[in-house]
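Student: I would like a close look at a single part of this model, with the cut-offs stated. Please put that part in its setting afterwards.

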Amino acid sequence: MMNNHSGKIIVICDSDIILKGLAEILTACNTDEVILLHQARELFDYPHLSGYILFIMPEDLFEENQQLINRIYASSLAISHLNLNYDGLSASRNTGICINDSQKQIIGKVNEYLNAFTAKNEHRTLNELTRRETDVLQLVAKGLANKEVADKLNISIHTVISHRKNISEKTGIKSASGLTMYAVLKKIIDIDEITPSDLI
Amino acid sequence: MELFNETNKLAAVIHKDHTLLPVINRLGAKLGFGDLTIGELCAKEGLDMTFFVEILNVFHNENYFPRRKLLDFSVTIVIDYLLKTHRYYLEYVMPEQERLIDLFLTDCVNGCKENELIRKFYNTFREEFISHVSFEEEKVFPYIITLNGIILNSRRKDTLSDQWLGFTIKGFEKEHGNMDEKMFDLKNIIIKYLPPNYDLNVGNSLLSNLFMFEKDLKNHARIEDKILVPKVKQLEKFIKNDE
């Protein structure tokens, strides 16, 4: 499963030259939104951001405002920080970006951070079924039809279908009989709980 | 997208995409054709060149679909190709898979319970597949050939015997299961989840075979859905208007 949910970038820096320059360069990165701010307190104007957020700002400024950031963006999936250095030394130190870096270096660095978000996300969604999804899988694997699963779990058939879609996306297995094999191999159900005729 | 045409040498085509080997066999070509182009070979063997080229392209490029061109073919040539494909699956591909699955299972070291699951899954798949194929060969294809015969001889609908009353290709469309989906699942189970308690080389042979089969099945279904079904709808409409 491919996850196209890329992160948002917030740049905080008091120099307009740097902000505008970065904005230009960041258009080439795998991000769906770039927000440019002069000061950390302007974050209050953007309280509803969700998903993945990458902050590009000087290290000391980030540390100073970390509590504030965590509070405002408590519901985001993940927050990451890329250091913005005003001196010319950072490229070799390999932490963050610096104003002397080339466009290519900056894009590479930013994408590396953004891709780390998605990698984390893929890892989680691919490997772990939620509790409810496991409940649904158990019943599907035993050969129950969607309607029967819905009745048994007291949920609507639409919910069952949506769970099944997610299960298939996460496991990479589409057919009901394939899911039975999966459930046995993953010890979600016992092999003795199924009869060969369930494998249809 | 790379498209082949009748001026291409068939040997070069095969070097580019060897998964076309069973396809050219089904189309009536055998190896040892030297430097003949597709056009020359078709002329020599008396094969329909346009059909030959289009099927190669359909198979080679998943996104290629020359709707209009393929609809110009007679249904008999399409059915002949599909029948040969069925024979290839039933007489070669599936016995070979069974052989590999048997090998796969005898090589399993400690407790074959899990590997047995693979056999069960495969057996159910095979049964389902065989019944799908027989339905097509005993019901669908004869129906289409009958329709086609009526149109060729410009007879009227009342010659369509009672046997076919109420039978439409639309009903068949629904019947048409997604067999390639199960192949995909089987592959993924082996790749991702089955503990590797088996000879790895046998496992790889089985997987390569499944990959080939899945691709072939997908294309087979595409040809049925995109060429045969629309073509038959055309015939049905023709007869209906003639009433």
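What does the accessible surface of chain B come to, and which percentage of this surface belongs to carbon and sulfur atoms?

Tutor: This is a predicted model, in which local features need pLDDT of at least 70 and side-chain atom pairs count only at pLDDT 80 or more, while totals for chains, interfaces and linings use all residues. Residues are numbered from 1 along each chain as its sequence is written, chains are lettered from A and ligands numbered from 1 in the order in which they are written, and side-chain values use heavy atoms, with hydrogens and water left out.

The accessible surface of chain B is about 12200 Å² (Shrake-Rupley method, 1.4 Å probe; for residues, only the protein chains shown count as cover). Carbon and sulfur atoms hold 51% of that area. Chain B has 243 residues, and 48% of them are buried (under 20% relative accessible area; exposed is over 50%, and partly exposed lies in between, with a 1.4 Å probe and protein chains only). Its secondary structure consists of 10 helices and 0 strands (DSSP runs numbered from the N terminus: helices are H or I with at least four residues, strands are E with at least two). Along the sequence the pattern is therefore α-α-α-α-α-α-α-α-α-α. Of the contacts in chain B with a separation of 6 or more, 77% link residues 24 or more positions apart (contact: heavy atoms within 4.5 Å).

Now the partner of chain B. In the interface, 19 residues of chain B touch 20 residues of chain A. About 1800 Å² is buried between the two chains, and carbon and sulfur atoms give 71% of this area (the accessible area, 1.4 Å probe, that two parts lose on being put together, summed over both). The rule finds 0 salt bridges across this interface (a side-chain nitrogen of Lys or Arg within 4 Å of a carboxyl oxygen of Asp or Glu).

Chain A contains an open sheet of 5 strands in the order E2-E1-E3-E4-E5, with parallel pairing (two strands pair if DSSP finds at least two bridges between them). E2 and E5 of chain A are the edge strands, each pairing on one side only. Strands of a sheet pair through backbone hydrogen bonds, either parallel or antiparallel.

Starting from the E2 edge, E1(A) (residues 8-12) and E2(A) (residues 33-37) are parallel and share 5 bridges. The chain passes between them through helix H1 (residues 16-26) of chain A, in a right-handed β-α-β crossover (clockwise from the first strand over the helix to the second, with the strands pointing away from the viewer). A:Val11 has A:Leu36 of E2(A) as its bridge partner. E1(A) is also joined to E3(A), in parallel, by 4 bridges, and A:Lys8 is bridged to A:Ile53.

E3(A) (residues 52-57) runs parallel to E4(A) with 6 bridges; A:Ile56 and A:Leu82 are bridge partners there. Together with helix H2 (residues 59-72) of chain A, these two strands form a right-handed β-α-β unit. In E4(A) (residues 78-85), 7 of 8 residues are buried. Its parallel pairing with E5(A) (residues 97-98) has 2 bridges, and A:Asn85 is matched with A:Cys98.

Beyond this strand, A:Asn100 sits in the loop between E5 and helix H4 (103-127) of chain A. A:Asn100 is exposed, because its relative accessible area is 57%. Its C-alpha atom is 7.7 Å from that of A:Asp87, 13 residues away along the chain.
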